[in-house]
Number of protein chains: 2
Amino acid sequence: MSLSIRELHRFFAEIVDIESVSGNEKQLADTLEEALREVPWLQVDRLGNSIVARTQLGRARRVIIAGHLDTVPVKDNLPSRIERRHGEDYLLGRGAADMKGGVTVMAHLATSLAEPRHDVTWVFYECEEIEDSANGLGIIASQHPDWLDGEFAVLMEPTSAKVEGGCQGTMRFKLISHGIAAHSARGWLGHNAIHDMTVALDKIREFRPRRPEVEGLVFREGLNATTIKAGIAGNVIPDHCELTVNYRFAPDVEAADAEASMRALFDLPGIDFELQNLSPAARPGLEREVAQEFCAAVGGEPGPKYGWTDVARFASLGVPAVNFGPGDAGTAHADDERCRVSELDLCADALTAWLSPLEGADGSPQTSQAEK
Amino acid sequence: MSLSIRELHRFFAEIVDIESVSGNEKQLADTLEEALREVPWLQVDRLGNSIVARTQLGRARRVIIAGHLDTVPVKDNLPSRIERRHGEDYLLGRGAADMKGGVTVMAHLATSLAEPRHDVTWVFYECEEIEDSANGLGIIASQHPDWLDGEFAVLMEPTSAKVEGGCQGTMRFKLISHGIAAHSARGWLGHNAIHDMTVALDKIREFRPRRPEVEGLVFREGLNATTIKAGIAGNVIPDHCELTVNYRFAPDVEAADAEASMRALFDLPGIDFELQNLSPAARPGLEREVAQEFCAAVGGEPGPKYGWTDVARFASLGVPAVNFGPGDAGTAHADDERCRVSELDLCADALTAWLSPLEGADGSPQTSQAEK
């Protein structure tokens, strides 16, 4: 297909309308790869459905700008549509917030910024929304760590075009109760696995999440049952019940401590605990020099990042990183997921300002577009 | 296939091994119909996968002997197998208890008792284990009520070869909670439908079932969650949760009152109540003359029937009925569903004794085989 890559708003709708639920990113990756390979100043590599495009300009510093291509499952929210609210255009559709706005800005800038101040590594990757072992950024980190060399990373997850530092950790685990099947007319001869699970559900409902302050930013934890399943028929006592729980924890908690606290909370008779996924939090780290430079260039007051993002993965690779991208993170994964279209311009302008070449004999930066 | 209909124990295994989960009774019905149509003293009618075979001997009284052909879903428990426990043979497999032992005895006697004392209507019917509107006995009652004329009915549901009077009522309903989907990193922007359902689950766990005495028999009520389902992904707050609940009530409670009490118990904010199925209980009714005659002939002390059976349907048609059949009702619907094989002989002998023609000039009944 022919992309309107130079017209940011039209290009955004095109990208959203290429459905790319986790595992199904091929078409979107093919489309972007084709566009990137046409650009003379980019070296393009591909691994699975992840694409890394690098300038090789011999700059003193290299920065990384990254975003994932996949979305959670579609729920009657594709193709996208534009809605005008309070005098502003919003694009609604699966991926509009998380995070095809960021992907749009990245592809737009990668194909237009021929002379950035720092060498730039553009990373488009697959499978961020599913199990950690499938994460494209993680796979690149283990197979081609040199592709991720850099002094600083910007992850274009939705932040409503504001800088957000760090990210909360996330842990997913399964609770399993075991009963004994029987005819429900004689329930006392069986043992009801759903009734047993009620104790765990009560624990979740009674849980009071913390709101700790970390390096000046206030985080907000959460504990949620996300899926539950039990039973084979309306007149059979269920002998098996599975509950999936998601715990989000602030960056003042180590991953191992988060796991220990959940194992202790759900140490209940007859209930098995099965860890499915544990991703550490990342501290804000905004005091570092490269982070300060970026923040000064794009402006605004940094805030906390509630959602887990691959900022934590960059942190573990020794690359300081922040979240900064278009879209309302509060609507990510919701049926009415959306992005204020003008935020794409804000982000594109801010990154352009940051990456503009130095000008003048004194080496002071040129006026950024965002400050115009 | 060729059936061992004269060899009760072999025939039993054959019947169990013809899988007949509700909706899939055709093969079993075809097999039985073929065998019954070969019998000169039977008039055979079929409706769907239900078969009614009647003697037309001009006797003063007509009795009905009935059983359903279907089972709950198979759970790795077919084909059947014989296990010897404490010196007794048990047949294990789906339907062994509920109620292919009864079906076996019925087919065996229908094809061998050429001269019963009363005219007999043998009713083999489909879809007893699923929604009431599919119940083969109910469909016959509405389309061919004359096929069910009779003064007394024996329903061969499993009672371990003892007479059981009446049956408990059963009510199935769905509770539905509605939330708002959101990314689980910002759970406070959504509303968790599983967490809301916890209040209903607590009600079920706190429920204290009654054990009322009705006409000298002690019944035992029950309230069970049988299925639960919610959630689309491990990081999305679920916006919908469905819980199926089964309430079993004793024959001293009218169906309408049972429904009212459940609607009151689950009148919870944000939770919808959807009635799926309501089948009234039946009082024991063992004081009636025909019931007394049957009990005297087969012997033993009558007990209560916990499970709902079509005894209640016969009662509503004006036909007094009891439960009497081989198999351990306590294992019905369990994975290790089973029947002590000798109970088929007990039931066959008892029914033969009851139905044997009068002998001798004084018209007294002959000695029953069961009393030998």
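This is a guided tour of a predicted model, going from the interface of its chains to a helix, the backbone and the cysteines.

**The interface of chain A and chain B**

Begin by colouring the two chains separately and selecting the residues of each that touch the other: 54 residues of chain A are in contact with 56 residues of chain B. The area that chain A and chain B bury between them comes to about 4600 Å², and 58% of it lies on carbon and sulfur atoms. Within chain A, select W188(A), H195(A) and I228(A), which lose the most area to chain B and together make up 13% of what that side buries.

Next, turn to the polar side of this interface, where 26 residue pairs are in polar contact across chain A and chain B, both residues being at pLDDT 80 or more. If you display secondary structure on the side of chain A that touches chain B, you will find that α5 (193–206), β12 (222–230) and β13 (240–249) of chain A each supply at least two of its residues. Coloured by residue class, the residues of that side divide into 23 nonpolar, 17 polar and 14 charged.

The count of salt bridges between chain A and chain B is four. To look at one of them, select K75(A) and D239(B), which form a salt bridge whose closest N and O atoms are 3.4 Å apart.

**The helix α3 of chain A**

Now leave the interface and select α3 (100–110) of chain A, a helix that is mostly covered, with eleven of its eleven residues buried. The buried residues run through several kinds of side chain, among them K100(A), T104(A), M106(A), H108(A) and L109(A). To see what covers the buried residues of α3(A), add the surrounding elements of chain A to the display, including α1 (8–17), α2 (26–37), β3, β6 (119–125) and α9 (342–355).

**Backbone features in the loops of chain A**

From α3 step back into the loop between β5 (88–92) and α3 of chain A, which is the place of M99(A). The peptide bond that leads from D98(A) to M99(A) is cis, and its omega is near -10°. A cis peptide bond also joins L78(A) and P79(A), with omega about -5°; for this one, move to the loop between β3 (62–68) and β4 (81–85) of chain A, where P79(A) is found.

Continue to the loop between β4 and β5 of chain A and select H86(A), a residue other than glycine whose phi is positive, near 50°. Is H86(A) buried or exposed? With a relative accessibility of 83%, H86(A) counts as exposed.

Then go to the loop between β7 (152–155) and β8 (164–165) of chain A, where S160(A) has its place. Although S160(A) is not a glycine, its phi is positive, about 55°, and at 23% relative accessibility this serine counts as partly exposed.

**The cysteines**

Finish by selecting the cysteine sulfurs: how many disulfides are there over all chains? The count comes to zero, by a rule that requires two cysteine sulfur atoms within 2.5 Å. C127(A) is accordingly in no disulfide, the nearest cysteine sulfur being that of C167(A), 19 Å away, and C127(A) counts as buried at 7% relative accessibility.

Select C241(B) together with C241(A) for the last stop, and ask why the sulfur of C241(B) has no bond to the closest cysteine sulfur. The sulfur of C241(B) lies 9.9 Å from that of C241(A), which is too far for a bond. At 0% relative accessibility, C241(B) counts as buried.

Key:
Residues are numbered from 1 along each chain as its sequence is written. Chains are lettered from A and ligands numbered from 1 in the order in which they are written. This is a predicted model: local features need pLDDT of at least 70, side-chain atom pairs count only at pLDDT 80 or more; totals for chains, interfaces and linings use all residues. Side-chain values use heavy atoms; hydrogens and water are left out. Buried means under 20% relative accessible area, exposed over 50%, partly exposed in between (1.4 Å probe, protein chains only). Helices (H or I, at least four residues) and strands (E, at least two) are DSSP runs, numbered from the N terminus. Contact means heavy atoms within 4.5 Å. Buried area is the accessible area (1.4 Å probe) that two parts lose on being put together, summed over both. A salt bridge is a side-chain nitrogen of Lys or Arg within 4 Å of a carboxyl oxygen of Asp or Glu. A polar contact is a pair of N or O atoms within 3.5 Å; within protein, one must be able to donate a hydrogen and the other to accept it, and residues adjacent in sequence count only if both atoms are side-chain atoms. Ala, Val, Leu, Ile, Met, Phe, Trp, Tyr, Cys and Pro count as nonpolar, Asp, Glu, Lys and Arg as charged, and the others, Gly among them, as polar.
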